[in-house]
Amino acid sequence: MAVAVGTALVPLTLAGAALADDAELRALAKENFEIIPMQAPQLGDANVMSRERVELGKMLFFDPRMSRSGLFSCQSCHNVGIGGVDGLETSIGHGWQKGPRNAPTMLNAVYNIAQFWDGRAPDLAAQAKGPVQAGVEMNNTPENVVATLSSMPGYVDAFAAAFPGVNDPISFDNFALAVEAFEATLVTPNSKFDQFLLGNDGAMSDQEKAGLKLFVETGCAACHNGINFGGNGYYPFGVVETPGAEILPEGDTGRFKVTETAGEEYVFRAAPLRNIALTAPYFHSGKVWDLREAVAVMANSQLGAALEPGQIDDIVAFLGTLTGEQPEVVHPILPVRGADTPKPEP
Ligand code: HEM
Ligand code: HEM
């Protein structure tokens, strides 16, 4: 039996099989992954995402005066216009120093169980205090940040509005809470993958669907799963085969430096793969610019699988469906400096 579709005759059994395949694939995907909700998440009791706090966090995120030199803001290395990264192998910060790691995106970072390649910061608020003080990033001190903020009437008012009823609203802790509140709004819902998961069979092409199936069946989803396709567990980089020192530099032992536990050498957080097509170069070393190569490295090192070029193409096509709607962020107007505002130092 056949049904007429346009002028072509399609065997009914095949049309039925395609539908069953989509339903099966969706079920398989639902076992492993979750959609990104359209609404930004709430942060619970720890932080209130009021409009004032989010707006303040946005100002702080974009303000280069949070750095000692007055040159680097969070946006310098996590550019909201290019997927939340800087597109460099490893970041360049204070005094043109090259840092040791590639900058991961802060888009959807709120959904990671912990922050940084090694997960050493438990949440975004704890994370935000790191770069400000890191010598190779913003090279500032909490005291100088507080002095800078307190010297500008625009910030005095914005902190009072964001932290109502608090005696000294300007503090380094509240700086971090405001940044966290803003970052929690930086989510990218409605990707082709999310649309497919919600029931739209046509949202993904056949090749993308084949890639999704391969991604799960090859074993990638064992580590890259959940809402962010990663960001929720720790694994050795090099389960089956250790990548070359070019990709996995010997000096960076990952979790081992955080936990000092034997066996955690070269253990890293499974990298989140949302928007991965936008965030080259890849790996904590930033040594791999081509997503095809990154997929091949992963298949070899983590699974001992030698994928065919066509299979790699399929997986890369699938990974492209994880690019969601990018948040459109309007650059805020920042408070003007005051007479006592600390001067930038080289
Ligand atoms: C990591 C936010 C400033 C470079 C991160 C992460 C977040 C973040 C959320 C973790 C993402 C993840 O683990 O998936 C911020 C904020 C900043 C800031 C809010 C401003 C207060 C900077 C600057 C640079 C930079 C100025 C470059 C000079 C990096 C690098 C990492 C990172 C290299 C990875 C570090 C590691 O894993 O050890 N940042 N960032 N960040 N950021 Fe930033
Ligand atoms: C990183 C894809 C299997 C654990 C990555 C990256 C990609 C990727 C593209 C780079 C992300 C970035 O730079 O932002 C894949 C694919 C897989 C696979 C396509 C299947 C063929 C696995 C498995 C594990 C795993 C099975 C766990 C055993 C990790 C870890 C990282 C990572 C720990 C971070 C590596 C680093 O520190 O640079 N994966 N992955 N992956 N993946 Fe996989």
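This report describes a predicted model of a protein with two domains and two ligands.

## Domains and their interface

The domain assignment divides the protein into domain 1, residues 44-183, and domain 2, residues 189-320. Taken over C-alpha atoms, the centres of domain 1 and domain 2 are 27 Å apart.

The size of an interface is often expressed as the accessible area lost when the parts come together. For domain 1 and domain 2 the buried area is about 1900 Å², with 52% of it on carbon and sulfur atoms. On the side of domain 1, 23 residues take part in contacts, and they meet 27 residues of domain 2.

Eleven residue pairs are in polar contact across the interface of domain 1 and domain 2, counting pairs with both residues at pLDDT 80 or more. The side of domain 1 that touches domain 2 is made up of ten nonpolar, nine polar and four charged residues. Two salt bridges link domain 1 and domain 2.

## Surroundings of ligand 1

The shell around ligand 1 holds 28 residues, and the closest are Cys-74, Cys-77, His-78, Phe-116 and Arg-269. By class, this shell around ligand 1 divides into 14 nonpolar, nine polar and five charged residues.

Four elements each give at least two residues to the shell around ligand 1: helix H3 (74-77), strand E3 (92-93), helix H4 (124-133) and helix H7 (172-183). H4 gives the largest share, five residues.

Several polar approaches to ligand 1 involve its oxygen atoms. Two arginine side chains are among them: an N or O atom of the Arg-101 side chain is 2.9 Å from an oxygen atom of ligand 1, and an N or O atom of the Arg-120 side chain is also 2.9 Å from an oxygen atom of ligand 1. Phe-116, one of the closest residues, comes in through its backbone, with a polar backbone atom 2.6 Å from an oxygen atom of the ligand.

## Surroundings of ligand 2

Ligand 2 is surrounded by 25 residues, of which Cys-220, Cys-223, His-224, His-284 and Met-298 come nearest. The shell around ligand 2 consists of 20 nonpolar residues, four polar residues and one charged residue.

Two histidines from the nearest group have polar side-chain atoms close to ligand 2. In His-224, an N or O atom of the side chain is 2.8 Å from a nitrogen atom of ligand 2. In His-284, a polar side-chain atom is 2.7 Å from an oxygen atom of ligand 2. Phe-283 contributes a backbone N or O atom, which lies 2.7 Å from an oxygen atom of ligand 2. Strand E6 (267-269) and helix H11 (291-303) are the elements that supply two or more residues to the shell around ligand 2. The largest share, six residues, comes from H11.

## Salt bridges

The structure holds 15 salt bridges. In one of them, the side chains of Lys-287 and Glu-89 meet at 2.9 Å, N to O.

Another joins the side chains of Glu-55 and Lys-58, at 3.8 Å from N to O. Glu-55 and Lys-58 are about one helical turn apart, because they are separated by three residues in helix H2 (residues 51-62).

## Loop features

Val-240 is located in the loop between strand E5 (234-236) and helix H10 (255-259). Its C-alpha atom is 5.4 Å from that of Gln-302, although 62 residues separate Val-240 and Gln-302 along the chain. Apart from neighbours within four places in sequence, the contacts of Val-240 are with Asn-300, Ser-301, Gln-302, Leu-303 and Gly-304.

Most residues other than glycine have a negative phi, and most peptide bonds are trans. Two loop residues depart from these patterns. Asn-108, in the loop between strand E4 (97-98) and H4, has a positive phi, near 65°. Pro-281, in the loop between E6 and H11, is joined to Ala-280 by a cis peptide bond with omega near 0°.

Methods. Residues numbered from 1 in each chain as written. Chains lettered and ligands numbered in written order. Predicted model: local features only at pLDDT ≥ 70, side-chain atom pairs only at ≥ 80, totals over all residues. Heavy atoms only, no water. Domains from an automatic or database assignment. Contact = heavy atoms within 4.5 Å. Buried area = accessible area lost by both parts, 1.4 Å probe. Salt bridge = Lys/Arg side-chain N within 4 Å of Asp/Glu carboxyl O. Polar contact = N/O pair within 3.5 Å; in protein donor to acceptor, adjacent residues only side chain to side chain. Nonpolar A, V, L, I, M, F, W, Y, C, P; charged D, E, K, R; others polar. Near = heavy atom within 4 Å.
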